[in-house]
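Trainee: I would like to go through the terms used for this model. Please set each one against its definition.

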Amino acid sequence: MNDKTTTAARVGELLRERLGPALLELSQPQSDTVLARIDKQAVRAASTALVGELAARFLINAGIDRRETAGDFSVAQLFSLDRDHLFVVLDCAVDPAEAAIDSITAIVPGAGWAEREFRDAVGVEPRDHPDPRRLILPDDWPADQYPLRRDFRYDERPPAAQGLRPPEIEPPAGTSVISVGPFYPVLEEPAHWRLFVEGETVVGCDYRGFYNHRGIEKLGDSELTYNEIPYVAERICGICGFIHSTCYCQAVEEAAGIEVPRRARFLRTIMLEIERIHSHLLWLGIAGHILGFDTVLMQTWRIREPVMWLAEAISGNRKTYGMNTIGGVRRDIAPELEPRIREVLDTLEREVAAVRDAIAGDATLMARARGVGVLTADKARELCVVGPPARGSGLGIDARVDHPYAAYDEVPVQIAVEQEGDTWARVLVRVDEILEAIRLAREALAALPPGPVLAEVSEEIPPDRVGISVVEAPRGEAVHAVWTGGDHRPYRWRVRAPTYPNLQAVPAMIADNTIADVPITIGSLDPCFSCTERFEAVDLRTSEVRVYTQRDLIEMSQALTRGRKP
């Protein structure tokens, strides 16, 4: 038996021993996935067994409305056994007459947000959750409306409710409250922290986010077909778009058993590493700007620009490439472009090495970063932190190694790990990852095999299958899970971006730091809160406020395209 089969058997034995008759069904729908259907009363026991005895890592959960097919709701808890390259799904049926399930946040603190989310979106209550406040819904959202239920239309807008603002955490006695946000310093996306401070020292905080929830999962469940979703998935993040489209496509390919051509897998690897390079360079510049070290900003963004030109030469677009589709990629790399790619990578390597040497010896930068925003390995593991923040705290987790995808089984990755857990460690991890990404892109290009770039998918994707995919974004591991349905679209599409678990670590990172250290500590996560769909404009002469909707913006852009004043 191979390692996955052996580990899957061990998972089955453990769950049978710990759950007994509460383990209702056990299957292995794919070689890398174990699916356990369990009684919902056993979810804590099952989670304790996986985390405590097999060192499983919680990924995310998904609330699913199955009333029209199975007559119930489902809460699916997704775990990863990293070194065994195996996913475990605990599928718990929930009777709509008693729409509640025991919370596992006491066992896995990193599950806290995800449980609040399935309560908001599907209406299944996590019993005994330590923070039962709303998470993703607007303050004026009606209490009895659940947007991810199947009978709620994707474009439905319920009437605003009054008096439903989530209660705020009370600050400790003797502290002052300082607000950071919702318009965050340097970053353009809204998020709000209430800092509880004693003098200049932060002793606690409360977070409010999800100001611009876009309903992307709802569109994927209701309106978009399998082949339309990659182009929406690519817009989940303005920087990591190719990561999300790759992750979604791989989840569908896994569920449907579609074999992606080898050349397409190498092309995905090259584009993923190009995206990692320009993302890390962008972050390094912003980090310098947060600290007032604008020389780093100017140099890294200058170095980054040829990478953006290269992305455009390959795909036709600087950022949103539109390359991924189910079964492979839509564009190839022309042979005459390969020398230019190598030249850009060679120049990039020299210039990044020079930046690394410059910042490594800068005493002022290290004074602002060393010992600041410390995240211990135990806390990072407890909160399920991923990406550079996890690796900067000594946790060597990387989806490219733990669950090899694309061509990473043929182009191995050297994981960059630092032990200190502070902001400086996260800087070093990212700089090392830029140089490693250059090596990976160069080696993947050199080994690029001949052949087709897209598999022919002649049959419809069968329903009632599940596919799980993880991709290592620059910010950390992205997760996409797809439960297939009929009508050529998913029944449920679940997305977890890397910032989702990482933001939950902010209270631990900023505790006992000064107020001045908060912006760079939060910035060291490279957070991506959301993308704004509408904004308001204030006429400075009359103080008149106008809110522009998506339709307004489309009409204005069309008018400008036709040469008319909007």
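Mentor: What follows takes the domains, the sheets and the helix packing in turn; the model is a predicted one.

Trainee: How is the protein chain divided into domains?

Mentor: Domain 1 covers 2-153 and domain 2 covers 216-533. These bounds come from an automatic or database domain assignment. The C-alpha centres of the two domains lie 26 Å apart.

Trainee: What makes residues of domain 1 and domain 2 count as being in contact?

Mentor: Contact requires heavy atoms within 4.5 Å. By that rule, 40 residues of domain 1 are in contact with 29 residues of domain 2.

Trainee: Which strands are the edge strands of the five-strand sheet, and why are they called that?

Mentor: The open sheet has the order β1-β2-β5-β4-β3, with mixed pairing. Its edge strands are β1 (23-30) and β3 (57-66), each of which pairs on one side only. Neighbouring strands in this sheet are turned by 20° against each other on average, with direction ignored.

Trainee: How do you know that β4 and β5 are paired?

Mentor: Pairing needs at least two bridges between the strands. Strand β4 (residues 72-81) and strand β5 (residues 86-94) are joined by nine bridges, so they count as paired. The two strands run antiparallel. Phe79 stands opposite Val88 in β5.

Trainee: What leaves one side of β13 and of β15 without a neighbour in the sheet?

Mentor: Three strands form an open sheet in the order β13-β14-β15, and the pairing is antiparallel. β13 (466-473) and β15 (490-496) stand at the edges and have a single partner strand each, so one side of each has no neighbour in the sheet. On average, neighbouring strands here are turned by 15° against each other, direction ignored. Eight bridges pair β13 with strand β14 (residues 476-484), and Ser469 stands opposite His480 in β14.

Trainee: Which helix lies across β13, β14 and β15?

Mentor: Helix α6 (residues 241-256) does, running at about 155° to β13.

Trainee: Why are α8 and α9 called roughly antiparallel?

Mentor: Helix α8 (residues 294-315) and helix α9 (residues 338-360) pack at an angle of about 165°, with their axes 11 Å apart. Angles over 145 degrees count as roughly antiparallel, and α8 and α9 therefore get that description. Their crossing is left-handed.

Trainee: What kinds of residue make the contact of α8 with α9?

Mentor: On α8 they include Val296, Trp309 and Leu310, and on α9 they include Val344, Leu348 and Glu351. The residues of this contact divide into 14 nonpolar, one polar and three charged.

Trainee: What makes α7 roughly parallel to α9?

Mentor: Helix α7 (residues 262-290) and α9 pack at an angle of about 30°, with their axes 13 Å apart. The limit for roughly parallel is an angle under 35 degrees, so α7 is roughly parallel to α9. α7 passes α9 in a left-handed crossing.

Trainee: Which residues make that contact, and how do they divide into nonpolar, polar and charged?

Mentor: Ile277, Leu281 and Leu284 of α7 meet Leu345, Leu348, Val352 and Val355 of α9. Val, Leu and Ile are among the residues that count as nonpolar. The division is therefore seven nonpolar, no polar and no charged.

Methods:
Residues numbered from 1 in each chain as written. Predicted model: local features only at pLDDT ≥ 70, side-chain atom pairs only at ≥ 80, totals over all residues. Heavy atoms only, no water. Axes fitted to C-alpha atoms, helices over the stretch in contact; angles between N-to-C directions. Helix = DSSP H or I, 4+ residues; strand = E, 2+ residues; numbered from the N terminus. Parallel < 35°, antiparallel > 145°, perpendicular 65-115°, else oblique. Left-handed = near helix turned anticlockwise from the far one by under 90°.
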